[in-house]
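Biologist: I have the structure open and would like to go through a few spots with you. Can we start with a single residue and then move outwards?

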Amino acid sequence: MTSASSAVRVRLAPLAEVRAWPAWRDGLRQLAKDHRYYEIVADTLGFDCRALILENAAGDALAVQPCFFVEQDLLTAAPAPLPACAAQIRRLFPRFLRPRIFMLGCAAGEGHLARGTVSTEEMIREIRAALPRLVPPQGARLVVWKDFPARERGPLASLADPPAETAHAVFASMPATRLALDFASFDDYLTRRLSHAMRKNLRRKFKALAAAPPLTLTVTHDLGDAVDEALALYEQVFGRAPLKFERLTKSFLQQLAARLPDRVRFFLWRQEGRLVAFSLCLVHDGVLSDEYLGLDYRVALDLHLYFVTFRDVLTWALAQGLTEYRSTPLNYEPKLHLGFELAPLDLRMTILHPRLNPLLGPHLARLSPTGAEPALAHFPNAHSLKPDA
């Protein structure tokens, strides 16, 4: 399936077609989640992962942009009263605002623009022109550029001027967070970054460990026999999460170890031999990305394991000479008091349905989930959440 263009052709292909191509590997090489991560997600998490291929008349690949199809409830994170109103409509139309969606980016992480031998601006222009031809035949009428970081707002700004037959909106997604590692130790961090009240609060939490059996920490790139224990702890956290998208599997954890050993790090905390906490991190280019957490809630709250894991991962990152600690969305209240700043992510949404455009187009921006998180407004760089900031 190919769009018409005199210089560049765009087609949608299975991910399997491009895996051996240099254009696929080179386009994501600079990222912590390079082509290997996308392939692991496709192989283990059940997403319908594809590739948008930009090629010249000779069939040479100029760029390969990762993408996928998913069925998603658009109101999962929408602020009240939208979910309540939709519930009434869904009594008659169960699939209302639960469409099949074509998403550009990564199914298990933030999105990024692939690099190629064409300019980023040309790549976006060609993809935008091709989507009305490529996506509807696949049963989707909604296009989402999923969770693209603020640094890519410039190239993506052209999407705000869509063709006449489409409706488009851009709004803030749940942001990630980051912390510059410009201190010498965890104690130095407490002194320089945190308020007196927060320092006192953390030290009180850590004192709770003194009366409990000791914790031991292991850092590895391979879970080995601990994979089932780690997955069970992850499931406890996943079950409590207010927002859910991807759900990890045993195969995903195993394949990270097998195919991404240079970047993945598993942190395992044990108490009397039993795994009580687990963190999956990626390390690349001086940055530690804390991706997924697992906790044993039989002891997690009493031992304040959320803060223990943060302390120990941060201490490890400092020992490795890393320069930044990044964390995924949610849990904003503790991160605010721990001195993090926001790392904005944007959602760009396009409706490819002429009859739905006037009905839904003016309301797309209301789907932004950030309004349901009051803590976001208190971060020092909260103004940066707005895509037009």
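Biologist: Which residues does P329 touch, not counting those up to four places away in sequence?

Modeller: P329 touches M174, P175, A176, K335 and L345, where contact means heavy atoms within 4.5 Å. This is a predicted model, in which local features need pLDDT of at least 70 and side-chain atom pairs count only at pLDDT 80 or more, while totals for chains, interfaces and linings use all residues. Residues are numbered from 1 along each chain as its sequence is written, and side-chain values use heavy atoms, with hydrogens and water left out.

Biologist: How far apart are P329 and L345 in space?

Modeller: Their C-alpha atoms lie 9.5 Å apart, with the two positions 16 residues apart in sequence numbering.

Biologist: And where is P329 found?

Modeller: P329 is in the loop between β12 and α13 (332–337); helices (H or I, at least four residues) and strands (E, at least two) are DSSP runs, numbered from the N terminus.

Biologist: Changing topic, in what order do the strands of the open sheet run?

Modeller: The 7 strands follow the order β8-β9-β10-β11-β12-β7-β13 with mixed pairing, and two strands pair if DSSP finds at least two bridges between them. The edge strands, β8 (215–220) and β13 (341–343), each pair on one side only.

Biologist: How many bridges join β9 and β10?

Modeller: Strand β9 (residues 264–271) and strand β10 (residues 274–284) pair over 8 bridges in the antiparallel sense, and R265 has C281 in β10 as its bridge partner.
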